[in-house]
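Subject: Handover of a structure and findings

Dear colleague,

Please find below the structure that I am passing on to you. My findings follow directly after it.

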Amino acid sequence: MQDNHFCSQEHLGKIVGDTHVAMVKHLSKMLKENDIPITPDQFRVLMYLWKQDGKSQQELAVLSCRDRANVTRIIDILEREGVVERLDDENDRRIFKIHLTEFGKTLESQTLECVQKSTEDALQGINPSDLEICIKVLKKIAGNLQ
């Protein structure tokens, strides 16, 4: 008898994927409702600039676990929207450093409030010890696959 567990609705990869999609959609909705002009993907890059401004596109790609082309596209959009600007690296003109504009800096607290609220919504009714186990298991799975 063939095991169809991996084709079922209970397959771990599907559950993790569905959860990720639901969380991204919820955060996207909250950002729009609060007139914050960024997407969850853009937030994933911006959070590293809010921690330390002036990172290269390559650094942002590594930190955000995105390929360089994807990060370049995100930065292009953020630059067009006036959130970031590209400046030449003073030591290597082949490299651009990405800097927040004043507008980009003003988005941080409001965005982080939305992220916090979205996370709280996602974790409603979840026992903190269950969450701790879930995070530990997911980190172990990710570690096994790296």
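A disulfide is taken here as a pair of cysteine sulfur atoms within 2.5 Å. In this predicted model, the count by that rule is zero disulfides. For C134, the nearest cysteine sulfur belongs to C65 and lies 18 Å away; because the cut-off is 2.5 Å, C134 is in no disulfide. C134 counts as partly exposed because its relative accessibility is 38%, whereas the buried class requires under 20% and the exposed class over 50%. C114, by contrast, has a relative accessibility of 4% and therefore counts as buried.

The strands may be described next. An open sheet is formed by three strands in the order β1-β3-β2, with antiparallel pairing. Its edge strands are β1 (55-56) and β2, each of which pairs on one side only. Five bridges join β2 to strand β3 (residues 96-100), again in the antiparallel sense. One residue pair can be named: D88 has F96 in β3 as its bridge partner.

Two helices are to be placed relative to these strands. Helix α2 (residues 40-51) packs on the sheet and touches β1, β2 and β3. The direction of helix α2 makes about 85° with that of β3. Helix α4 (residues 68-80) lies across β2 and β3, and runs at about 110° to β2.

Within strand β2 (residues 84-88), R86 deserves a separate paragraph. R86 counts as buried because its relative accessibility is 17%, and the buried class is under 20%. Which side chains make polar contacts with the side chain of R86? One is the side chain of D76, at 2.7 Å; another is the side chain of E79, at 2.6 Å. Leaving aside residues up to four places away in sequence, R86 touches Q57, T72, I75, D76, E79, F96, K97 and I98. D76 and E79 thus appear both in this list and as polar partners of the R86 side chain.

The aromatic residues remain. A pair of aromatic rings is described by the distance of the centres and the angle of the planes. The count here comes to one aromatic pair. That pair is formed by F43 and W50, with 6.2 Å from centre to centre and 50° between the planes. The pair is classed as tilted because its angle is neither under 30 degrees, as stacking would require, nor over 60, as an edge-to-face pair would. Both F43 and W50 are buried.

Yours sincerely

Definitions and conventions: Residues are numbered from 1 along each chain as its sequence is written. This is a predicted model: local features need pLDDT of at least 70, side-chain atom pairs count only at pLDDT 80 or more; totals for chains, interfaces and linings use all residues. Side-chain values use heavy atoms; hydrogens and water are left out. Rings of Phe, Tyr and Trp (its six-membered ring) pair if their centres lie within 6.5 Å; planes under 30 degrees apart count as stacked, over 60 as edge-to-face and the rest as tilted. Buried means under 20% relative accessible area, exposed over 50%, partly exposed in between (1.4 Å probe, protein chains only). Helices (H or I, at least four residues) and strands (E, at least two) are DSSP runs, numbered from the N terminus. A polar contact is a pair of N or O atoms within 3.5 Å; within protein, one must be able to donate a hydrogen and the other to accept it, and residues adjacent in sequence count only if both atoms are side-chain atoms. Contact means heavy atoms within 4.5 Å. Two strands pair if DSSP finds at least two bridges between them. Axes are lines fitted to C-alpha atoms, for helices over the stretch in contact, and angles run from 0 to 180 degrees between N-to-C directions.
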